[in-house]
Each structure stands twice: as structure tokens, then as C-alpha cells.
Amino acid sequence: MSVDADTVLRLWEQAGPLDDQGRATALAGAVAPAADPDEVADWPLGRRDARLLQLRAAVAGPALEAVTTCPACDGELSFTLDTIALAAVDGDTDRSDEPLDEPLCVRVDDWQVTCRRLTTADLVAA
């Protein structure tokens with residue numbers, strides 16, 4: 001995916017005044033292939049966030065510099081994350097075929113919970 005300067009400016013102007021979830025939905029829907037924000041709000045968060053990482057990589061490159069502070073020793077740790085690798089699922093960075101309605105099953109010891117995947121609409125409702 002490539003993003004030209006005009007596209008970046010247009011996205012900045014459209015998404016700037018929105019709240020966090022509205023901005024994430026608008027930006028994720030704007031990248032290839034483009035999707036309506038109402039449709040994006042019903043995507044699983046994994047699909048939405050993978051699109052955001054792809055957009056970030058297209059605009060600023062795949063390297064994401066990160067810094068954190070250790071709560072125990074107050075030491076600073078800096079490292080680089082690869083946005084393409086973060087967006088990938090089993091080597092697939094598209095995620096457009098991620099099932100929208102397939103339940104998620106989580107098992108811990110003898111417990112199993114089955115639920116649907118969270119969406120932006122869920123975050124807004126909460």
C-alpha cells in the first residue's frame with residue numbers, strides 16, 4: 001500500500017475532529033480496500049487495528065520506535081516494533097478474510113469461554 005501526501009492531508013482533515021474510536025474507524029476504512037465507517041465499526045478490532053498499522057507503515061515506514069519505563073527499577077527501555085509484523089496473522093497482513101461472526105474461544109485450565117469478537121461499536125457502547 002502506498003499513501004501520497006494528498007491522501008494523508010485529506011485523512012488528517014477528516015479524522016482530526018473525531019473522537020478516538022471515530023478516528024480509528026475513519027482511518028481504517030480509508031485504506032485499501034476502502035470501506036464505509038459504519039461497516040468498519042462492526043469489524044473485529046483485530047481487523048481494524050491491522051488496517052491502522054498498515055496505514056501507519058505506509059505513511060511513516062514499518063519501524064515504530066517505543067519507549068517504556070520499568071515500574072520496579074524506573075529504568076528506561078527503548079525498542080523498535082515492526083508494524084507489518086504486528087498487523088500479520090499467520091503471515092497474512094490483509095485480514096480482510098478474518099471471519100466477522102466466528103466466535104472466539106478462550107480456554108484457561110478447566111474453564112472455557114466462547115464469545116463474539118469485540119468491535120469498535122462495542123467500545124463506543126461501553
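Analyst: A residue is called buried when its relative accessible area is under 20%, exposed when it is over 50%, and partly exposed in between, with a 1.4 Å probe and protein chains only. Residues are numbered from 1 along each chain as its sequence is written, and side-chain values use heavy atoms, with hydrogens and water left out. The structure is a predicted model, in which local features need pLDDT of at least 70 and side-chain atom pairs count only at pLDDT 80 or more, while totals for chains, interfaces and linings use all residues.

User: Let me try those words on one residue. Is Arg48 buried or exposed?

Analyst: Arg48 has a relative accessible area of 7%, and is therefore placed among the buried residues. Arg48 has a charged partner as well, for its side chain meets that of Asp49 in a salt bridge, with 2.7 Å from N to O. Asp49, at a relative accessible area of 31%, is partly exposed, whereas Arg48 is buried.

User: How should I recognise a salt bridge, and how many salt bridges does a search of the whole structure find?

Analyst: The general idea is a side-chain nitrogen of Lys or Arg lying within 4 Å of a carboxyl oxygen of Asp or Glu. A search of the whole structure finds three of them. Besides the pair of Arg48 and Asp49, there is one between Arg23 and Asp20, whose closest N and O atoms are 3.2 Å apart, and one between Arg116 and Asp122, where the closest N and O atoms are 2.7 Å apart. Arg116 is exposed, with a relative accessible area of 54%.

User: Why are Arg23 and Asp20 separated by about one helical turn?

Analyst: Helices (H or I, at least four residues) and strands (E, at least two) are DSSP runs, and they are numbered from the N terminus. Arg23 and Asp20 both belong to helix α2, which covers residues 20-30, and because they are three residues apart in that helix, about one helical turn separates them. Their surroundings can be compared through accessibility: Arg23 is partly exposed at 28%, while Asp20 is exposed, with a relative accessible area of 57%.

User: Which residues in α2 are buried?

Analyst: In α2 the buried residues are Ala24, Thr25, Leu27, Ala28 and Gly29, and they pack against α1, α3 (37-40), α4 and α6 (120-125). To read packing residue by residue we speak of contact, which means heavy atoms within 4.5 Å. Take Leu27, which has its place in helix α2: if residues up to four places away in sequence are not counted, Leu27 touches Leu11, Ala15, Leu52 and Leu55. The chain also brings Leu27 and Arg51 to a C-alpha separation of 8.3 Å, although these residues are 24 residues apart along the chain.

User: Could we read a second residue in that way? Where is the place of Thr83?

Analyst: Thr83 is in helix α5, which spans residues 83-87, and at 0% relative accessibility Thr83 counts as buried. Leaving aside neighbours within four places in sequence, Thr83 is in contact with Leu53, Arg56, Ala57, Gly61, Pro62 and Leu64.

User: Now the strands. How many bridges join strand β3 to strand β4?

Analyst: Two strands pair if DSSP finds at least two bridges between them. Here five bridges join β3 (residues 104-108) to β4 (residues 111-115), and the two strands run antiparallel. You can follow the pairing in the structure through single partners, including Leu104 with Cys115 and Cys105 with Thr114. The two strands form a hairpin, with two residues between them.

User: What is there to notice about phi of Asp109?

Analyst: As a general idea, most residues other than glycine have a negative phi. Asp109, a residue other than glycine, has a positive phi near 55°. Asp109 lies in the loop between β3 and β4, and with a relative accessible area of 77% Asp109 is exposed.

User: And where does Asp74 lie?

Analyst: Asp74 lies in the loop between β1 (63-69) and β2 (76-82). Asp74 also has a positive phi, of about 65°, although it is not a glycine. At 62% relative accessibility, Asp74 counts as exposed.
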